[in-house]
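Please work through the following exercises with the sequence and the model at hand. Each task is followed by a worked solution.

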Amino acid sequence: MSFNFSIPLTGIGVNFTRLHATADNIARHNVPNAAKTRVNQQSLPKGGVEATTERIPVPPELQSADPYSYDSTNIDYAEESVNHIVTKTAFRPNFRVAEVMDEMFSTLINIKV
């Protein structure tokens with residue numbers, strides 16, 4: 001039996017990246033011409049996932065010369081709030097999978113001893 005802890009652990013790592021990007025976007029929601037941080041996820045060949053981030057610049061039609069303009073951002077507060085809730089919820093299954101794998105591994109060790 002093979003125990004591949006990389007699957008839940010990389011899932012947890014991706015969720016940390018998503019949570020950080022969401023927090024960054026929420027913090028910069030009212031910053032004029034603030035670029036949005038987007039997280040891209042990709043499956044790994046041997047199991048698990050990885051995340052990369054990229055900045056999405058404000059489209060020219062939304063950019064403002066007024067430094068006090070709050071309409072010149074491509075960050076949607078409602079979307080980021082939903083992303084925050086989804087990301088927090090996604091931690092639970094990954095932690096539970098790691099927990100169950102640890103219990104199975106402990107049981108297997110106890111049986112073999």
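The exercises below treat the fold, the hairpin, one helix residue and the largest pocket in turn.

This is a predicted model, in which local features need pLDDT of at least 70 and side-chain atom pairs count only at pLDDT 80 or more, whereas totals for chains, interfaces and linings use all residues. Residues are numbered from 1 along each chain as its sequence is written, and side-chain values use heavy atoms, with hydrogens and water left out.

**Exercise 1. Determine the order of the elements in the protein chain.**

Step 1. Helices (H or I, at least four residues) and strands (E, at least two) are taken as DSSP runs, numbered from the N terminus.
Step 2. The protein chain contains two helices and two strands.
Step 3. Read from the N terminus on, the order is α-β-β-α.

**Exercise 2. Describe how strands β1 and β2 pair.**

Step 1. Two strands pair if DSSP finds at least two bridges between them.
Step 2. Strand β1 covers residues 36–43 and strand β2 residues 49–56; eight bridges join them in the antiparallel sense.
Step 3. As one bridge, N40 has T52 in β2 as its partner.
Step 4. The two strands form a hairpin with five residues between them, and G47 in the turn has a positive phi of about 105 degrees.

**Exercise 3. Establish whether N94 is buried or exposed, and list what N94 touches.**

Step 1. Locate the residue: N94 lies in helix α2, residues 77–112.
Step 2. Apply the cut-offs: buried means under 20% relative accessible area, exposed over 50%, and partly exposed in between (1.4 Å probe, protein chains only).
Step 3. N94 has a relative accessible area of 17% and is therefore buried.
Step 4. Leaving aside residues up to four places away in sequence, N94 touches I7, P8, G11, I12 and N15, a contact being heavy atoms within 4.5 Å.

**Exercise 4. Characterise the lining of the largest pocket.**

Step 1. On a 1 Å grid over the protein atoms alone, a pocket is an open set of points where a 1.4 Å probe fits, with protein on both sides within 12 Å along at least five of seven lines; lining residues have an atom within 4 Å of a point.
Step 2. The lining has 13 residues, with T22, T37, R38, V39 and N83 nearest the centre.
Step 3. α1 (6–27), β1 and α2 each supply at least two lining residues; the largest share, five residues, comes from β1.
Step 4. With Asp, Glu, Lys and Arg counted as charged, Ala, Val, Leu, Ile, Met, Phe, Trp, Tyr, Cys and Pro as nonpolar, and the others, Gly among them, as polar, the lining has two nonpolar, six polar and five charged residues.
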